[in-house]
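Here are a few notes from going over the surface and the pockets. Have the structure open while you read.

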Amino acid sequence: MMIALLCLAGLFISLYLWLYKIGIIGTMMCGTGGCETVQTSPESVFLGVEVALIGVIGYAVLLLVALVGTAPAQADALGPSVLLAGLSGGAVGFTLYLKYLEFFVIGAVCRWCVASAVIILVVFGLSLLDLRRLRGAMG
């Protein structure tokens, strides 16, 4: 359930950034100006897709998998935990790439992106702990 709540928070952050990027939200609340710099940079698009939209889709998928994993029938099933660990691990890798771009290419840091990075790291850590718990119960 904690993973689901974190994914919901990540979904809201990504949705906020995407709505700003597509012009629905006129002013971004950031405080430093770094968020606007990051969101309007050429690096905010990956393979023709807005990075914020990738976040919306990614967090929505993780949320769905986490919710499936909370069903009583799935409480001790390995599948949702393996899927969460794999997907969130991939997201951590993508996040590291994006942090590299922020620090070394764009030269600005988005606070919302940092919050999302922390969320996905915690989701990944919790999914690994859940895998460990399930494998211990099976072994």
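1. Let's start with the runner-up: the second largest pocket comes in at about 220 Å³. It has 17 lining residues, and M1, I3, G69, L84 and D130 sit closest to its centre. Keep in mind that this is a predicted model.

2. Who builds that lining? At least two residues each come from α1, α3, α4 and α5, with α5 giving the most, 4 residues. By class, the lining of the second largest pocket splits into 11 nonpolar, 4 polar and 2 charged residues.

3. Now the largest pocket, which holds about 570 Å³ of space. Helices α1 (2-21), α2 (34-39), α3 (51-69), α4 and α5 each give two or more residues to its lining. Here α4 gives the most, with 9 residues.

4. The largest pocket has 31 lining residues, and those nearest its centre are V51, G55, F94, L98 and S116. Sorted by class, its lining has 18 nonpolar, 8 polar and 5 charged residues.

5. On the outside, have a look at the nonpolar surface patch of about 730 Å², made by Y100, F103, F104, V105, V109, V114, V118 and V122. Both α4 (78-106) and α5 (111-138) supply at least two of the patch residues, and α4 gives the most, with 4.

6. Is Y100, one of the patch residues, buried or exposed? Neither label fits: this α4 residue has 46% relative accessibility, so Y100 counts as partly exposed, a class that runs between the 20% and 50% cut-offs.

How values were computed:
Residues are numbered from 1 along each chain as its sequence is written. This is a predicted model: local features need pLDDT of at least 70, side-chain atom pairs count only at pLDDT 80 or more; totals for chains, interfaces and linings use all residues. Side-chain values use heavy atoms; hydrogens and water are left out. Patches are made of residues with over 30% relative accessible area and no salt bridge: like charges are joined within 9 Å, nonpolar side chains (Val, Leu, Ile, Met, Phe, Trp, Tyr) within 5 Å. Accessible areas come from the Shrake-Rupley method with a 1.4 Å probe; for residues, only the protein chains shown count as cover. A salt bridge is a side-chain nitrogen of Lys or Arg within 4 Å of a carboxyl oxygen of Asp or Glu. Buried means under 20% relative accessible area, exposed over 50%, partly exposed in between (1.4 Å probe, protein chains only). On a 1 Å grid over the protein atoms alone, a cavity is a set of points where a 1.4 Å probe fits but cannot get out, and a pocket is an open set with protein on both sides within 12 Å along at least five of seven lines; lining residues have an atom within 4 Å of a point. Grid points are joined across faces, edges and corners, and a volume is the space filled by probe spheres set on the points. Ala, Val, Leu, Ile, Met, Phe, Trp, Tyr, Cys and Pro count as nonpolar, Asp, Glu, Lys and Arg as charged, and the others, Gly among them, as polar.
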